[in-house]
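Trainee: Please give me a close look at one stretch of this chain and at whatever surrounds it, in one connected account. I would like the cut-off behind each term to be stated as it comes up.

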Amino acid sequence: MDKIRLARGLQTDSIVDGAGLRCVLWTQGCYHNCKGCHNPTTHDGNGGELFDVETVLTWMKRYAYHDGITFSGGEPFLQVEPLIEIAKEAKAMGWNIWCYTGYVYEQLLEDEKKRALLSYIDVLVDGPFILEEKSMSVPFRGSKNQRLIDVKRSLERKEIVEL
């Protein structure tokens with residue numbers, strides 16, 4: 001079983017990292033280095049702590065009453081393989097999956113591995129955080145350039161469907 005590098009363990013009871021009551025995985029490692037990032041301690045790819053994916057799955061099962069899980073960070077798409085394992089279990093639990101990424105949706109489609117993880121995600125918040133576009137008026141996003149994408153419908157229609 002794979003390992004995953006996390007900034008901290010599983011956060012629970014979040015109501016700000018996606019719709020409903022959520023668990024959040026804060027992945028460690030990011031090279032986007034967005035000016036004004038709210039989580040710069042997650043950038044160092046050697047920081048945080050390595051966890052067995054099985055440990056994360058055990059944590060998740062304790063919170064089966066949650067609505068879903070959010071992959072954030074850091075940059076989740078730098079750890080595709082372990083997140084696919086976690087996503088499979090989340091789906092088996094009936095959870096929805098949100099993901100925050102500094103990539104844009106179109107970039108993720110260009111990479112087979114990233115596209116594989118994307119196929120499990122229900123809602124993608126894409127694009128880098130841009131400090132000059134920071135806004136409290138865009139729900140679940142930090143800056144106006146970021147999109148809230150319905151991934152399933154976008155993949156089916158082969159065009160971006162925003163929420």
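Mentor: Helices and strands here are DSSP runs, numbered from the N terminus, where a helix is a run of H or I of at least four residues and a strand is a run of E of at least two. The model is predicted, and for that reason local features are reported only where pLDDT is at least 70 and side-chain atom pairs only at pLDDT 80 or more, whereas totals for chains, interfaces and linings use all residues. Residues are numbered from 1 along each chain as its sequence is written, and side-chain values use heavy atoms, with hydrogens and water left out.

The stretch I would choose is the loop between strand S5 (68-72) and helix H2 (80-92), which is where Gly74 is found. The peptide bond that leads from Gly73 to Gly74 is cis, with omega near 25°. As a reference point, most peptide bonds are trans, and most residues other than glycine have a negative phi.

Continuing along the chain from that loop brings us to Val80, which belongs to helix H2. Val80 has a relative accessible area of 6% and is therefore buried, a word that stands for under 20% relative accessible area, with exposed meaning over 50% and partly exposed in between, for a 1.4 Å probe and protein chains only. Once its neighbours within four places in sequence are set aside, Val80 is in contact with Lys113, Lys114 and Leu117, contact being heavy atoms within 4.5 Å. The C-alpha atoms of Val80 and Lys114 lie 6.4 Å apart, although 34 residues separate the two in sequence. A related pair is Ala116 and Glu81, which are 35 residues apart in sequence and 9.2 Å apart in space, C-alpha to C-alpha. Ala116 lies in helix H4 (residues 112-118), and with 30% relative accessibility Ala116 counts as partly exposed.

A second set of contacts can be followed from Ile4, whose place is in strand S1 (residues 3-6). Ile4 is buried, at a relative accessible area of 0%, and, not counting residues up to four places away in sequence, its contacts include Gln79, Pro82, Leu83 and Ile86 as well as Leu50 and Phe51. Ile4 also has its C-alpha 6.2 Å from that of Val53, at a sequence separation of 49 residues.

Phe51, one of the residues that Ile4 touches, leads on to the aromatic rings. Rings of Phe, Tyr and Trp (the six-membered ring of Trp) are paired if their centres lie within 6.5 Å, and planes under 30 degrees apart count as stacked, over 60 as edge-to-face and the rest as tilted. By this rule there are four aromatic pairs. In one of them, the rings of Tyr31 and Tyr103 have centres 6.3 Å apart and planes at 80°, so the pair is edge-to-face. Since Tyr31 sits in the loop between strand S3 (22-26) and strand S4 (49-52), and Tyr103 in the loop between strand S6 (96-100) and helix H3 (105-109), the pair ties together parts that are 72 residues apart in sequence. Phe51 and Trp59 form another edge-to-face pair, with 5.1 Å from centre to centre and 70° between the planes. Phe51 is buried at 13% relative accessibility, and Trp59 is buried at 17%.

Two residues belong beside the cis bond as backbone features. Asn33 has a positive phi of about 50° although it is not a glycine, and its place is in the loop between S3 and S4. Lys158, likewise not a glycine, has a positive phi of about 60°; it is found in the segment after helix H5 (151-157), and its 75% relative accessibility makes it exposed.

To set the stretch in its frame, the chain has five helices and eight strands, in the order β-β-β-β-α-β-α-β-α-α-β-β-α from the N terminus on. For 163 residues a compact globule would have a radius of gyration near 15 Å, and the chain agrees because it has 15 Å; the radius is taken over C-alpha atoms, and the globule rule is 2.2 Å times the number of residues to the power 0.38. Of the 163 residues, 47% count as buried, and among contacts between residues at least 6 apart in sequence, 64% join residues at least 24 apart.
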